[in-house]
Amino acid sequence: MTYFIDRRPNAKHKSAVNRQRFLERYRKHIKRSVEEAVNRRSITDMERGEKVSIPTKDISEPVFQHGPGGAREIVSPGNKEFLTGDKIRRPSGQGGGDGAGDGGASNQGEGTDEFAFTLSREEFLEFVFDGLELPHLQRKPLKSLQEIKMVRAGLARDGVPSRISITRSMREAYARRIAMRAPIKRALKEAQQALEAEERKDPVLRNPARITELKAEIERLNKRIEAVPFIDTYDLRYHQLAAQPQPSSQAVMFCVMDVSGSMTQNHKDIAKRFFLLLYLFLEKHYEKVELVFVRHHTAAREVGEEEFFYSRETGGTIVSSALTLVNGIIEKRYPPAQWNLYVAQASDGDNWDDDSNVCRDLLIKQLMPQLQYYAYVEITPHDHQSLWEEYETVAARFPEQFAMRQIVEAGDIYPVFRELFKRRLSQQR
Amino acid sequence: MTATRQPIATGSDWNFRVLEQFDEELARLADEYRLDTYPNQIEVITTEQMMDAYASVGMPVGYHHWSFGKQFLAVEQAYKRGQMGLAYELVINSNPCIAYLMEENTLMMQVLVMAHACYGHNSFFKGNYLFRTWTDAESIIDYLVFARHYIARCEERHGVQAVEQLLDACHALQNYGVDRYKRPSPISAEEEAKRQEEREAYLQTQVNLLWRTIPDSPEDGEQLPGSLSAQTDDPLGLHSGGRYPPEPQENLLYFIEKNAPLLAPWQREVVRIVRKLAQYFYPQRQTQVMNEGWACFWHYTLMNRLYDDGHVDEGLMLEFLQSHSAVIQQPAFDSPYYNGINPYALGFAIFIDIKRICEAPTDEDRQWFPDIAGSSWRDTLEFAMRNFKDESFIQQFLSPKVIRDHKLFLVVDDDQEEMLEVAAIHNEQGYRKVREALATQYALSVREPNIQVVEAAIRGDRSLTLHHVQDSRRPLARSVYPVIRHLQKLWGFPVHLISMEEGRVTRRYRWPVEETTQDEE
């Protein structure tokens with residue numbers, strides 16, 4: 001007896017629970033891998049899975065086993081030149097292996113040191129944002145820009161042929177035909193009834209003239225019915241488009257970072273997380289997010305992402321150089337009418353003394369009126385310097401668009417990020 | 001061979017109609033060969049479902065545990081990287097016998113898997129003495145369902161983490177959950193469920209009896225009513241003096257289930273579930289070579305018959321032969337592909353050779369196998385399949401010819417010697433030694449360390465003492481520490497493990513580790 005059963009429609013992901021349990025159990029390990037990946041990857045490349053490796057010994061399921069040592073006999077296939085009594089040098093490495101001994105215990109293959117698997121994109125992001133609920137910001141608090149988008153808005157009597165609504169036009173034509181034919185048909189019916197009545201009369205009593213007249217009338221009416229056009233210009237209906245103001249769906253994010261000698265790689269890694277968070281956040285809200293990287297010491301330069309994070313420069317710091325450059329780029333490439341503009345700046349707080357008030361003026365007079373939001377993080381355990389103080393004036397002028405925070409170590413980023421956006425939300429309300 | 005070939009189907013596409021026709025044909029042939037099988041339940045599944053099935057070690061219904069998740073990830077990774085062709089076969093020892101066919105297999109593959117699993121493995125499950133003794137094909141599925149529900153309920157009641165830790169500990173000991181020499185009572189889900197509560201109470205009274213001088217565990221709030229007072233209430237004679245247990249116990253999980261002082265009733269039941277499932281898999285661990293060899297022998301025989309009878313065409317047959325030879329390939333020890341002895345290859349070679357010895361014995365065969373040389377091959381094969389396990393099967397049936405064909409040789413690896421020594425090769429003087437050694441290599445008692453409970457200090461510090469009977473100075477692997485830590489968690493009091501060889505103590509392990517142990521050593 002044999003039964004065939006098609007189980008394919010059955011639920012998939014039977015192992016999902018077990019998989020989750022595994023991930024939960026090795027959270028620490030996986031988080032470490034994910035953090036490494038975050039540092040390695042490009043900011044725009046976060047939304048995919050990640051291969052994760054965990055040392056096999058950390059996740060082994062122990063059982064009683066024989067260890068190396070002692071005397072053992074091993075039978076192997078494929079003897080070529082050995083004779084009984086031959087002595088063979090012990091293979092390099094531990095004498096263990098050799099196929100024997102190993103019970104049913106380790107079933108993940110030939111003693112690989114790493115247990116590797118792939119996290120799905122969702123799982124990856126979950127680990128990236130572990131401990132941080134992505135702020136549930138709505139679209140509203142981000143000031144929307146007026147951009148015109150044409151949307152369908154009912155029907156109109158005129159338009160271009162390509163926008164003809166066929167069903168509606170046909171329906172109009174049908175109605176018109178019924179309406180136009182109705183009186184003719186009524187007259188036709190009367191004429192026919194009269195003709196029949198005339199013909200039913202006794203031949204002697206018939207009026208031939210009347211009959212001819214009626215016949216002519218009927219013919220004329222039939223012609224009129226046929227003359228009613230199947231479709232007429234009046235019937236045509238066109239889909240109408242209306243201009244509707246639309247929030248802009250594109251944003252540009254300027255990453256501004258100080259790369260003077262005082263910024264270590266550690267500072268930059270922290271900054272990278274911050275930029276990453278902002279990027280992911282913006283990406284959730286805009287269809288298109290462009291990134292512009294501006295690095296500066298005494299002079300500012302627009303660079304690629306790789307160079308932005310990983311090449312070193314030394315020298316002093318003039319922050320205003322970067323702000324001037326950002327302003328220039330906005331003018332040239334990102335007209336504020338079409339783009340939502342965001343600036344995220346990371347620095348260790350150093351600035352050339354006379355420059356800080358220049359920055360303040362630049363921000364207040366030129367940049368801030370164009371921007372959606374300006375977020376400044378200062379990565380330093382030390383006291384604030386002149387830049388911070390000047391920025392505080394800016395923050396006072398633009399409380400809803402300007403945010404600044406101090407970060408000491410990587411762990412501070414999530415809370416700070418949250419803080420920056422939460423504050424904004426509550427003020428908006 | 002028939003002159004007119006009328007294949008049931010050609011090409012690599014299949015449909016249910018065609019599979020049914022092939023199954024009918026295979027069933028007819030199996031009947032002709034007197035293969036006694038359970039009814040087949042053939043399930044067509046997707047790749048992902050197959051990975052699920054793999055991950056749960058072939059249990060169609062499993063309780064939840066992270067280790068299965070790990071297994072799934074490993075399988076998925078290997079499959080995606082193309083290291084592993086999935087699912088040559090996955091078949092479950094149950095009645096009806098459940099076999100999985102993957103939807104993307106070719107027609108040839110489906111027929112091959114049907115021959116291999118539904119008739120090969122299936123008849124082995126039904127016939128082999130180990131399976132007959134240790135497993136109950138009728139009730140396994142129900143039992144798995146019971147186990148899953150029970151463990152899910154425990155998770156609800158006691159928290160996922162508590163259950164997970166308990167399962168971790170049980171899994172570490174699951175290879176020691178079998179009485180090798182006693183026939184177990186068959187498991188029945190219905191009965192389990194019905195009697196489970198009853199048993200919880202009963203078990204606990206037994207334990208309370210044994211441990212009645214000790215206070216209740218602080219974390220175990222469930223105190224059973226009814227204090228046991230009378231000395232006469234001691235049916236097991238537990239308190240008549242002497243050491244406990246009176247005999248060493250090799251079934252560690254059973255011992256824990258019945259005697260661990262601090263386990264709550266539900267914990268005992270979980271221990272029991274793991275133990276029962278270990279018992280279910282116990283025969284499979286001991287019959288790898290035979291089981292796969294038997295299935296390969298039959299798929300080979302049945303496929304050839306299908307061809308001879310004209311039911312398949314040359315194209316399918318070529319595809320089959322290619323697949324078959326890949327399965328029974330045995331790389332040499334120095335090949336980069338070598339990964340131990342391939343049980344499919346060895347088992348298939350031995351069964352084929354038994355048939356040859358029966359049909360066309362040489363003088364050598366007559367001398368080595370006087371009983372079977374020239375006998376009916378079908379009867380001899382049946383006898384071999386029914387009454388042996390890997391160890392005894394190899395000891396009994398590994399012929400000089402197979403040793404020669406595989407060029408088997410025996411190496412002695414003694415860590416006190418500088419060099420390895422080739423102790424025997426495929427020659428007249430070596431056959432018996434090679435055969436003996438290979439058989440031993442498959443003996444569970446040699447593969448796994450021999451560890452037994454020797455004493456539970458019921459009147460002392462309640463510590464548990466186990467002996468590891470060491471052999472050939474082979475020590476325990478470092479995994480011994482996490483395992484005894486798990487054991488200690490189950491037992492609740494200190495655990496000692498003593499490695500002994502020929503009456504001498506070679507090593508002591510203890511958990512928890514204390515300074516005092518240093519003095520003892």
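This passage describes the chains, their interface and selected local features of a predicted two-chain model.

Chain A has 429 residues, of which 30% count as buried. Its secondary structure comes to twelve helices and 13 strands. In chain B, buried residues make up 44% of the 521 residues. Chain B has 21 helices and nine strands. Contacts far apart in sequence were also tallied for each chain. Among contacts in chain A between residues at least 6 apart in sequence, 83% join residues at least 24 apart. The corresponding share in chain B is 73%.

The interface was examined next. On the side of chain A, 57 residues are in contact with chain B, and on the side of chain B, 81 residues are in contact with chain A. Several elements of chain A give two or more residues each to this side: strand S1 (2-6), helix H1 (16-25), strand S3 (71-76), strand S4 (87-89) and strand S5 (114-119). By class, the side of chain A that touches chain B has 21 nonpolar, 20 polar and 16 charged residues.

Both chains contribute strands to one sheet. This open sheet has four strands in the order S3(A)-S4(B)-S5(B)-S4(A), and the pairing is antiparallel. S3 and S4 of chain A stand at the edges. Each has a single partner strand, so one side of each is left without a neighbour in the sheet. Neighbouring strands are turned by 30 degrees against each other on average, direction ignored. Helix H18 of chain B packs on this sheet. H18(B) touches S3 of chain A, together with strand S4 (409-414) and S5 of chain B. The direction of H18(B) makes about 105 degrees with that of S3(A).

The pairing of S4(A) with chain B can be given by residue. Three bridges join S4(A) to strand S5 (residues 419-424) of chain B, and the two strands run antiparallel. Lys87(A) has Glu421(B) as its bridge partner in S5(B). For Ile88(A), the partner in S5(B) is Leu420(B).

H18(B) also packs against a helix of its own chain. The axes of helix H16 (residues 390-397) and helix H18 (residues 431-441) of chain B come within 7 Å and cross at roughly 170 degrees. H16(B) and H18(B) are therefore roughly antiparallel to each other. From H16(B), the contact is made by Glu391(B), Ile394(B) and Gln395(B). From H18(B), Arg435(B), Leu438(B) and Ala439(B) take part. By class, this contact has three nonpolar, one polar and two charged residues.

Within chain A, strand S8 (residues 250-258) is mostly covered. Eight of its nine residues are buried. S8(A) pairs with two strands of chain A, S9 and S11. Nine bridges join S8(A) to strand S9 (residues 288-296), and these strands run parallel. In S9(A), the bridge partner of Gln250(A) is Lys288(A). S8(A) and strand S11 (residues 340-347) pair in the parallel sense over seven bridges. In S11(A), Leu341(A) stands opposite Val252(A).

Chain B carries an annotated region. An unreviewed UniProt entry lists residues 449-501 of chain B as "domain: SpoVR-like C-terminal". In the model this span is 23% helix and 38% strand. Its end C-alpha atoms lie 12 Å apart.

Local backbone geometry in chain B has several notable points. Most residues other than glycine have a negative phi, and most peptide bonds are trans. The peptide bond from Asn95(B) to Pro96(B) is cis, with omega near 0 degrees. Pro96(B) is placed in the loop between strand S2 (91-92) and strand S3 (97-102) of chain B. A cis bond also leads from Trp511(B) to Pro512(B), again with omega near 0 degrees. Pro512(B) lies in the loop between strand S9 (504-511) and helix H21 (515-520) of chain B.

Positive phi values occur at Ser472(B) and Glu502(B). For Ser472(B), which is not a glycine, phi is about 50 degrees. Ser472(B) lies in the loop between strand S7 (464-469) and helix H20 (480-491) of chain B. With 16 other C-beta atoms within 10 Å, Ser472(B) is partly exposed. For Glu502(B), phi is near 50 degrees. Glu502(B) is in the loop between strand S8 (495-501) and S9 of chain B. Glu502(B) counts as exposed, with 8 C-beta neighbours inside 10 Å.

Terms used
Residues are numbered from 1 along each chain as its sequence is written. Chains are lettered from A and ligands numbered from 1 in the order in which they are written. This is a predicted model: local features need pLDDT of at least 70, side-chain atom pairs count only at pLDDT 80 or more; totals for chains, interfaces and linings use all residues. Axes are lines fitted to C-alpha atoms, for helices over the stretch in contact, and angles run from 0 to 180 degrees between N-to-C directions. Angles under 35 degrees count as roughly parallel, over 145 as roughly antiparallel, 65 to 115 as roughly perpendicular and the rest as oblique. Two residues are in contact if their C-beta atoms, placed from the backbone, lie within 7 Å. Ala, Val, Leu, Ile, Met, Phe, Trp, Tyr, Cys and Pro count as nonpolar, Asp, Glu, Lys and Arg as charged, and the others, Gly among them, as polar. Two strands pair if DSSP finds at least two bridges between them. UniProt positions are given in the numbering used here, feature names are shortened, and annotations may be inferred rather than shown by experiment. A residue is buried if 20 or more other C-beta atoms lie within 10 Å of its own, exposed if 12 or fewer, and partly exposed in between; C-beta atoms are placed from the backbone.
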